[in-house]
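Work through the three exercises below with the model open. Each solution goes one step at a time.

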Amino acid sequence: MSASLDTTFAALADSTRRAILTMLLEDDMAVTDVAEPFDMSLAAISKHLSILTRAGLISQEKRGRVKWCKLEPDAMRSAIVWIESFGQLEALNFEAFERFLDNELGS
């Protein structure tokens, strides 16, 4: 479980990747649509997406000529369980997590 947690927290440590996860809360998105709001190359976004995919936080699939990204919220379950194991924190729900991300990212 430790390696999984390390991978999850490493993926979440970057603000661009957290912003991507927030965007994917709404719906699946094409890679080009994910890249649109960021001031970086498509190759750089692809690297971020690869990290999120390796962590299991998103999945990617090709539909025709377009690669789509989908949020995999269950992948955060082990991180949530670990955080909750401290007992001092309230149960984390995805709506609260989204509000937290919105506040952190200033969206």
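Contact here means heavy atoms within 4.5 Å. The model is predicted.

**Exercise 1.** Decide whether T8 is buried or exposed, and find which residues it is in contact with, leaving aside neighbours within four places in sequence.

Solution.
- Place the residue: T8 sits in helix α1, residues 2-12.
- Apply the cut-off: buried means under 20% relative accessible area. T8 has 0% relative accessibility, so T8 counts as buried.
- List the partners: beyond those sequence neighbours, T8 touches A55, L57, A75 and A79.

**Exercise 2.** Describe how helix α2 packs with helix α4.

Solution.
- Choose the quantities: two packed helices are described by an angle between axes and a distance between axes.
- Read them off: α2 (residues 15-26) and α4 (residues 42-54) pack at about 75°, and their axes are 10 Å apart.
- Classify: angles of 65 to 115 degrees count as roughly perpendicular, so α2 is roughly perpendicular to α4.
- Name the contact residues: α2 supplies T16, R17, I20 and L21, while α4 supplies I45, H48, L49, I51 and L52.
- Sort by class: the contact has 6 nonpolar, 2 polar and 1 charged residues.

**Exercise 3.** Work out the strand order of the sheet and which helices pack on it.

Solution.
- Order the strands: the open sheet runs β1-β3-β2, with antiparallel pairing.
- Find the edges: β1 (29-30) and β2 (58-63) each pair on one side only.
- Check one pairing: β1 and β3 (residues 66-71) are joined over 2 bridges. M29 has C69 of β3 as its bridge partner.
- Add the helices: α2 touches β1, β2 and β3, at about 90° to the direction of β3. α4 touches β2 and β3, at about 115° to the direction of β2.

Methods: Residues are numbered from 1 along each chain as its sequence is written. This is a predicted model: local features need pLDDT of at least 70, side-chain atom pairs count only at pLDDT 80 or more; totals for chains, interfaces and linings use all residues. Side-chain values use heavy atoms; hydrogens and water are left out. Helices (H or I, at least four residues) and strands (E, at least two) are DSSP runs, numbered from the N terminus. Buried means under 20% relative accessible area, exposed over 50%, partly exposed in between (1.4 Å probe, protein chains only). Axes are lines fitted to C-alpha atoms, for helices over the stretch in contact, and angles run from 0 to 180 degrees between N-to-C directions. Angles under 35 degrees count as roughly parallel, over 145 as roughly antiparallel, 65 to 115 as roughly perpendicular and the rest as oblique. Ala, Val, Leu, Ile, Met, Phe, Trp, Tyr, Cys and Pro count as nonpolar, Asp, Glu, Lys and Arg as charged, and the others, Gly among them, as polar. Two strands pair if DSSP finds at least two bridges between them.
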